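Trainee: Could you take a close look at one part of this model with me? I would like to begin with a single residue and then work outwards to whatever surrounds it.

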Amino acid sequence: MNEYALLDSGHGRKLERFGTILLDRPCAQAVWNPSTPALWKEADAYFTRKDGLEWRGREALPESWIASIEGVCMKLATTDFGHLGVFPETRDLWRWIRERIEAETKTRKAPLNFLNLFAYSGGATLAAAQGGAHCCHVDASKGMVAWARENAALNQLEEHPIRWIVEDVNKFLQREERRGRRYDAVLLDPPSFGRGKSGELYKIEHALLETLQLVKNVLSDQPAFVYLTSHTPGFTPTVLSNLLRQLLPGGTLEQGEMLLQGEDTVLQVPSGTWTRWSI
Ligand SMILES: C[S@@+](CC[C@H](N)C(=O)[O-])C[C@H]1O[C@@H](n2cnc3c(N)ncnc32)[C@H](O)[C@@H]1O
């Protein structure tokens, strides 16, 4: 009952259960009909962007609560933008990262150094830590890094080797390169538009090539994988994998859609794209 579940989608909305709480939120790509209309009446709260940003039913929700998502406990809270502190479409990626790191650690008989860029509330950082990696978690938002650290404590990972960095990603990577710090595995989920710690503008179409080159410069001699995801319209799986193909010749490239998924009968909801390069 403490898990995440997608229950239904349609008419531009999605119905999801986060632990014990049922939420009805916008989902522009769900242009089809809802499959189980009766279920939607049970939603505890509803978020709309129609006339400004507005939650209905928010006052009845707890200020924050905890849900388990792909084996990671996450603190959730309704933010003014309709976000909750987790993007559940990244669940499959967390599982892949945890399993890949576990397998590589066994082969190498040493912990991997994992770098999570634009790391938000830390789900992927914590999945990598559960797999045994030493982690570095980078996000420009002080509040989000604090939230991720709370999540680490919820998962009994507060003593695990994780560096928590509040910094602009490109500035951070330049510094790491100069200092000779290297990473065996990297995940990056660049936003369409973002701000660095000192207000630096990050626009994916201009900044991503530089970020990727900097990522390459901080890869170790024995890199395990580079995982790139996007929620930006037009950044299809092929766009992402073209970027990694040019950057990292050799290895294996895979690509796909990120999907919100429920039980077998529930329609899947496309929610972003991914590509990964691995050895
Ligand atoms: C789309 S969210 C990432 C979602 C996250 N990877 C996940 O799956 O849960 C974007 C994050 O990037 C951060 N961000 C935006 N611009 C940044 C920049 N220039 N440097 C570092 N972090 C940035 C934001 O603070 C935000 O937490």
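Mentor: Leu76 touches Phe18, Ser64, Trp65, Ala67, Leu84, Gly85 and Val86, leaving aside residues up to four places away in sequence. Keep in mind as we go that this is a predicted model. One of those partners is far along the chain: Leu76 and Phe18 are 58 residues apart in sequence, yet 8.4 Å apart in space, C-alpha to C-alpha. Leu76 belongs to strand 7. Is Leu76 buried or exposed? A residue is called buried when 20 or more other C-beta atoms lie within 10 Å of its own, and Leu76 has 24 of them, so Leu76 is buried.

Now look at another residue of strand 7, Val72. Val72 is buried as well, because 26 other C-beta atoms lie within 10 Å. Which residues does Val72 touch, not counting those up to four places away in sequence? They are Trp94, Gly123, Leu126, Ala127 and Asn155. There is also a pair to find by eye: the C-alpha atoms of Val72 and Leu154 are separated by 8.7 Å, although the two residues are 82 apart along the chain.

These partners make more sense once you know the domains. The domain assignment divides the chain into domain 1 (4-76) and domain 2 (88-278). Their C-alpha centres lie 26 Å apart, and the contact takes 20 residues from domain 1 and 21 residues from domain 2. On the side of domain 1 that touches domain 2, strand 1 (4-10), strand 6 (65-69) and strand 7 (72-76) each supply at least two residues. Strand 1 gives the most to that side, with six residues. By kind, the residues on this side of domain 1 are 12 nonpolar, four polar and four charged.

Let us pause at the loop that follows strand 1. His11 is found in the loop between strand 1 and strand 2 (13-18). The phi of His11 is near 50°, a positive value in a residue other than glycine. With 12 C-beta neighbours inside 10 Å, His11 counts as exposed.

Next, follow the contacts of Val72 across to domain 2. Trp94 is one of them, and Trp94 is among the buried residues of helix 1, along with Arg91, Leu93, Ile97, Arg98, Arg100, Ile101 and Glu104. Here is a handy idea for reading such a list: an α-helix has 3.6 residues a turn, so residues three or four places apart point the same way. Helix 1 (residues 91-108) has 18 residues and reaches 26 Å from its first C-alpha to its last, close to the 26 Å expected at 1.5 Å a residue. Just after helix 1, Lys109 takes a positive phi of about 55°.

Gly123, Leu126 and Ala127, also touched by Val72, take us to helix 2, where they are buried together with Ala124, Thr125, Ala128 and Ala129. Seven of the eight residues of helix 2 are buried, so helix 2 is largely enclosed by the rest of the structure. In the loop between strand 8 and helix 2 you will find Tyr120. Tyr120 has a positive phi of about 55° although it is not a glycine. Tyr120 is buried, with 22 other C-beta atoms within 10 Å. On the other side, just after helix 2, Gly132 takes a positive phi of about 105°.

What does helix 2 lie across? Helix 2 (residues 123-130) lies across strand 8 (113-117), strand 9 (134-139), strand 10 and strand 11 (185-188), and runs at about 175° to strand 9. Strand 9 is largely enclosed by the rest of the structure, because five of its six residues are buried. Strand 8 and strand 9 run parallel and are joined by five bridges; there, Asn116 stands opposite His137 in strand 9.

Finally, step back to the sheet. Its seven strands form an open sheet in the order 10-9-8-11-14-16-15, with mixed pairing. Strand 10 (162-166) and strand 15 (252-260) are the edge strands, each pairing on one side only. From one strand to the next, the twist averages 15°. At one edge, strand 15 pairs with strand 16 (residues 269-278) in the antiparallel sense over eight bridges, and Leu260 stands opposite Val269 in strand 16.

Definitions and conventions
Residues are numbered from 1 along each chain as its sequence is written. This is a predicted model: local features need pLDDT of at least 70, side-chain atom pairs count only at pLDDT 80 or more; totals for chains, interfaces and linings use all residues. Two strands pair if DSSP finds at least two bridges between them. Helices (H or I, at least four residues) and strands (E, at least two) are DSSP runs, numbered from the N terminus. Axes are lines fitted to C-alpha atoms, for helices over the stretch in contact, and angles run from 0 to 180 degrees between N-to-C directions. Two residues are in contact if their C-beta atoms, placed from the backbone, lie within 7 Å. Domain bounds come from an automatic or database domain assignment. Ala, Val, Leu, Ile, Met, Phe, Trp, Tyr, Cys and Pro count as nonpolar, Asp, Glu, Lys and Arg as charged, and the others, Gly among them, as polar. The expected span of a helix is 1.5 Å times one less than its number of residues.
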